[in-house]
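Q: I would like to learn how to read the features of a structural model one at a time, beginning with charged side chains and moving on to the interior, the backbone and the pocket. Could you take me through it?

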Amino acid sequence: MKLQTKYFGEISYEEGDIITFPSGLFGFEEEHGFLLLPFEGSASTLLCFQSVATPALAFVVMDPFALRPDYAPELQPGELKSLGVESSQELGFYVLCVVKKPVSDSTVNLKCPVAIHPETRVARQVILETDAYEMRHPLSEFKEGTPC
């Protein structure tokens, strides 16, 4: 299949490439299918969730462990069950990045990560039940050279 994307032009993809969000993303509950596309030169730490239904809709996301190796998201039992796993360690995680100018003013949301079951490609955005993470962590609080 072909898709005109927001950041990558026209791309080809297979049905099996789609990550399914049964409940959508916060504020975009009607959007259920996304592709996870890496930005060139980012070593897969800076990526994009590209909607397959709405070509103009794409979210910049980051690997939270590249920012904070001690990041430890713990999902609630119902969230784990909805993703078909028993432990948060069985999941992949990405955090949304709000890109601003200058880039040093950009923020990441460590409080509400996207959890993805790597085998089924089913995903869910969650709100972590901890005060350890905020919705707006400035990139400037992380190591120098962090892309966003």
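Q: Is Asp 70 buried or exposed, and with which residue does Asp 70 form a salt bridge?
A: In general, side chains of opposite charge can pair when their charged atoms come close. In this predicted model, Asp 70 is exposed, with a relative accessible area of 53%, which is over the 50% cut-off for that word. Asp 70 forms a salt bridge with Arg 68, and the closest N and O atoms of the pair are 3.1 Å apart. Arg 68 is partly exposed, at a relative accessible area of 21%. A search of the whole structure finds 1 salt bridge.

Q: How should I read the interior, and which residues touch the most other members of the largest nonpolar core?
A: The general idea is that, in soluble globular proteins, nonpolar side chains tend to be buried together. Here the largest nonpolar core has 24 residues, of which Met 62, Leu 75, Leu 91, Val 108 and Leu 110 touch the most other members. Strand S5 (46-51), strand S6 (58-62), helix H2 (77-83) and strand S7 (92-98) each supply at least two residues of this core. There is also a second, separate core of 14 residues, which includes Phe 49, Tyr 94, Leu 96 and Val 114.

Q: Which residues does Leu 110 touch, if I leave out those up to four places away in sequence?
A: With those neighbours left out, Leu 110 touches Pro 64, Arg 68, Tyr 71, Val 95, Leu 128, Tyr 133, Glu 134, His 137 and Phe 142. Arg 68 in that list is also the partner of Asp 70 in the salt bridge.

Q: Where is Tyr 133 found, and what is Tyr 133 in contact with?
A: A loop residue can be buried or exposed, and its accessible area has to be read separately. Tyr 133 is found in the loop between strand S10 (123-125) and strand S11 (137-138), and Tyr 133 counts as buried because its relative accessible area is 7%, where buried means under 20%. Leaving aside neighbours within four places in sequence, Tyr 133 is in contact with Arg 68, Asp 70, Tyr 71, Ala 72, Leu 110, Lys 111 and Leu 128. Tyr 133 and Tyr 71 are 62 residues apart along the chain, with their C-alpha atoms separated by 9.0 Å.

Q: How do separations along the chain and in space compare for Ser 12 and Met 1, and for Ser 140 and Gly 24?
A: The two kinds of separation have to be read side by side. Ser 12, in strand S2 (residues 9-12), is 11 residues from Met 1 along the chain, and their C-alpha atoms are separated by 5.4 Å. Ser 12 touches Met 1 and Lys 2, not counting residues up to four places away in sequence, and Ser 12 counts as exposed at 52% relative accessibility. Ser 140 lies in the segment after S11 and is exposed at 55% relative accessibility; Ser 140 and Gly 24 are 116 residues apart in sequence and 29 Å apart in space, C-alpha to C-alpha.

Q: What should I look for in the backbone, and which residues does a cis peptide bond join?
A: As a general guide, most residues other than glycine have a negative phi, and most peptide bonds are trans. In this model a cis peptide bond joins Lys 101 and Pro 102, with omega at about -5°, and Pro 102 is in the loop between S7 and S8. Ala 43 is not a glycine, yet has a positive phi of about 55°; Ala 43 is in the loop between strand S4 (33-38) and S5 and counts as exposed at 72% relative accessibility. Ser 44, in the loop between S4 and S5, likewise is not a glycine and has a positive phi of about 60°, and Ser 44 is partly exposed, with a relative accessible area of 44%.

Q: What volume does the largest pocket have, and which residues are closest to its centre?
A: A pocket can be read by its volume, its lining and the classes of residue in that lining. The largest pocket has a volume of about 250 Å³. Among its 15 lining residues, Leu 96, Cys 97, Val 98, Val 99 and Thr 107 are the closest to the centre. S6, S7 and S8 are the elements that give two or more residues to the lining, which by class has 10 nonpolar, 2 polar and 3 charged residues.

Q: Is Thr 107 itself buried or exposed?
A: Thr 107, in strand S8 (residues 107-108), is buried, with a relative accessible area of 8%. Not counting residues up to four places away in sequence, Thr 107 touches Leu 96, Cys 97, Val 98, Lys 100, Arg 136, His 137, Pro 138 and Leu 139.

How values were computed:
Residues numbered from 1 in each chain as written. Predicted model: local features only at pLDDT ≥ 70, side-chain atom pairs only at ≥ 80, totals over all residues. Heavy atoms only, no water. Core = buried A, V, L, I, M, F, W, Y, C linked by side-chain atoms within 4.5 Å. Buried < 20%, exposed > 50% of the residue type's maximum accessible area, 1.4 Å probe, protein only. Helix = DSSP H or I, 4+ residues; strand = E, 2+ residues; numbered from the N terminus. Contact = heavy atoms within 4.5 Å. 1 Å grid on protein atoms, 1.4 Å probe; cavity = no way out; pocket = protein on both sides within 12 Å on 5 of 7 lines; lining within 4 Å. Points joined across faces, edges and corners; volume = space filled by probe spheres on them. Nonpolar A, V, L, I, M, F, W, Y, C, P; charged D, E, K, R; others polar. Salt bridge = Lys/Arg side-chain N within 4 Å of Asp/Glu carboxyl O.
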